[in-house]
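Open the model in your viewer and keep the sequence panel beside it. The tour goes stop by stop: select, look, move on.

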Amino acid sequence: MKLLLKRLHCTYVARVDDFDLSLGLQATEINALRDALDEYSILVFRQQALTDRQQLEIASSLGGSLHRKTGVATLGPNRFGDEALTDISNIDNDGKILSKDDRRRQYGLANRLWHTDASFQSPRGRYSMLSMKRFPASGCETQFCNLYDAYQQLNTPLQQTVNRLVAHHSIVHSRECLGFMFSDAEKNRLKGAQHPLVFMNPTTGRKALYIAAHISHILGWDIPDSRIFLMDLIEHSTQSQFVYRHEWRPDDFVIWDNRATMHRGMVFQDETEEREMRRVTTLDD
Ligand code: OGA
Ligand code: MN
């Protein structure tokens with residue numbers, strides 16, 4: 001089947017038009033969406049008011065098991081009774097806005113660092129999908145960057161260097177960067193995972209940098225060398241020509257390939273407004 005795609009950035013990101021995700025996915029549609037994700041890395045759907053159940057089914061249809069060992073689950077169970085439904089919101093279990101000092105809020109602030117979902121797991125995250133539930137009137141934005149382009153634009157010696165490196169990813173590390181503190185018991189449940197610094201898409205053969213704020217160090221390197229090198233790579237990868245800014249609308253649904261992009265939430269000025277999204281992430285297994 002042929003998708004109706006409208007390119008939203010000159011090198012990646014497409015909007016899928018005339019598509020109703022609530023109907024469930026047929027095999028031909030699954031293949032078409034996976035091909036489109038290999039080519040565009042990010043797919044934007046408008047006007048999709050989906051239930052949690054429908055979102056979980058879409059994720060399962062696209063393949064892989066669902067990411068349930070989220071970092072935030074170590075802070076306590078979510079209000080949906082299924083850790084595959086990640087609560088990307090500023091709302092607490094009683095439906096009130098999270099207080100300034102709420103641990104879940106402070107933990108979530110690290111979503112504003114450039115990252116890729118579930119890189120601290122093995123298998124790592126593959127696709128994430130975010131469904132807009134409560135849209136704040138003042139608007140909100142999530143930014144993405146294209147890590148195929150970022151790899152392509154490294155000079156050859158740097159490409160050769162990153163090709164042979166492996167990094168340790170830890171959700172504890174990205175939170176501790178902001179001074180968030182975990183208990184020893186929480187840290188014990190969040191040991192992290194190791195992945196090569198370069199991802200090669202097995203279908204297309206294209207290579208991408210695989211980096212995130214979760215990287216604590218590069219295997220075999222000293223910590224300061226690792227961290228300054230990673231800072232340089234993130235700065236390189238997030239230059240404006242690689243960035244797509246998604247300005248959310250009510251009922252938007254966005255799917256992205258975590259193996260080839262990073263993203264970050266943008267500062268949300270009026271925290272008295274409700275901002276609620278639901279995320280499901282599949283694993284690359
Ligand atoms: C996420 C995430 C950013 C945002 O859902 O994985 O990083 O804009 N969200 O809320
Ligand atoms: Mn994220």
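**Stop 1: helix α1**

A word before the first selection: this is a predicted model. Select residues 27-40, helix α1. The helix has 14 residues and reaches 20 Å from first C-alpha to last, close to the 20 Å expected at 1.5 Å a residue. Now colour the buried positions: E29, I30, A32, L33, A36, L37, D38 and Y40. An α-helix has 3.6 residues a turn, so residues three or four places apart point the same way. Use that as a guide while you turn the view.

Pick D38, which lies in this helix. D38 has a relative accessible area of 6%; because the cut-off for buried is under 20%, D38 counts as buried. Add T203 to the selection. T203 is 165 residues from D38 along the chain, yet their C-alpha atoms are separated by 7.7 Å.

Step past the end of the helix to S41. S41 follows α1 and has a positive phi, near 65°.

**Stop 2: more positive phi angles**

Go back towards the start of the chain and select V13. V13 is not a glycine, but its phi is positive, about 70°. V13 sits in the loop between β1 (4-7) and β2 (14-17). Is V13 buried or exposed? V13 is at 0% relative accessibility and so counts as buried.

Next, D18. Its phi is positive too, about 50°, and D18 is not a glycine either. D18 belongs to the loop between β2 and α1. At 74% relative accessibility, D18 counts as exposed.

**Stop 3: strand β5 and its partners**

Select residues 125-134, strand β5. Eight of its ten residues are buried, so the strand is largely enclosed by the rest of the structure. Which strands pair with β5? One is β15 (residues 276-283), antiparallel, over seven bridges. Another is β13 (residues 253-257), also antiparallel, over five bridges.

Check the register by picking pairs:

- R134 of β5 stands opposite E276 in β15.
- G125 has L283 as its bridge partner in β15.
- S131 has F253 as its bridge partner in β13.

Before leaving, look at the loop between α3 and β5, where P123 lies. The peptide bond joining S122 and P123 is cis, with omega about -5°.

**Stop 4: strand β15**

Keep β15 and hide the rest of the cartoon. Eight of its eight residues are buried. Show the side chains and sort them by direction. E276, R278, V280 and T282 point one way, while M277, R279, T281 and L283 point the other way.

Bring back β4 (residues 86-89). β4 pairs with β15 in the antiparallel sense over four bridges. Within that pairing, I88 stands opposite M277.

**Stop 5: the manganese ion**

Select ligand 2, the manganese ion, and display its donors. These are H115 (NE2), D117 (OD) and H263 (NE2), at 2.1 to 2.2 Å. In sequence the donors follow the spacing H-x1-D-x145-H. D117 lies in the loop between α3 (103-108) and β5, and H263 in strand β14 (residues 261-265), so the pair ties together parts that are 146 residues apart in sequence. Both D117 and H263 are buried.

**Stop 6: ligand 1**

Stay in this region and select ligand 1. Which residues are around ligand 1? Show I88, N111, H115, D117, L130, T142, H263, G265, R275, M277 and R279.

Then draw distances from polar side-chain atoms to oxygen atoms of the ligand:

| Residue | Distance |
|---|---|
| D117 | 3.1 Å |
| T142 | 2.7 Å |
| R279 | 2.6 Å |

Taken alone, ligand 1 exposes 290 Å², and the protein buries 97% of that. Compare with earlier stops: D117 is also a donor to the manganese ion, and I88 is the residue opposite M277 in β15.

**Stop 7: S240**

Finish in the loop between α8 (223-237) and β12 (243-247), where S240 is found. S240 is at 63% relative accessibility and counts as exposed. Add C145 to the selection. C145 is 95 residues from S240 along the chain, and their C-alpha atoms are separated by 8.6 Å.

Terms used: Residues numbered from 1 in each chain as written. Chains lettered and ligands numbered in written order. Predicted model: local features only at pLDDT ≥ 70, side-chain atom pairs only at ≥ 80, totals over all residues. Heavy atoms only, no water. Buried < 20%, exposed > 50% of the residue type's maximum accessible area, 1.4 Å probe, protein only. Helix = DSSP H or I, 4+ residues; strand = E, 2+ residues; numbered from the N terminus. Pairing = 2+ DSSP bridges. Donors = N, O, S within 2.8 Å, 3.2 Å for Na, K, Ca; no water. Near = heavy atom within 4 Å. Polar contact = N/O pair within 3.5 Å; in protein donor to acceptor, adjacent residues only side chain to side chain. Areas by Shrake-Rupley, 256 points an atom, 1.4 Å probe, with all protein chains shown as cover. Expected span 1.5 Å × (residues − 1).
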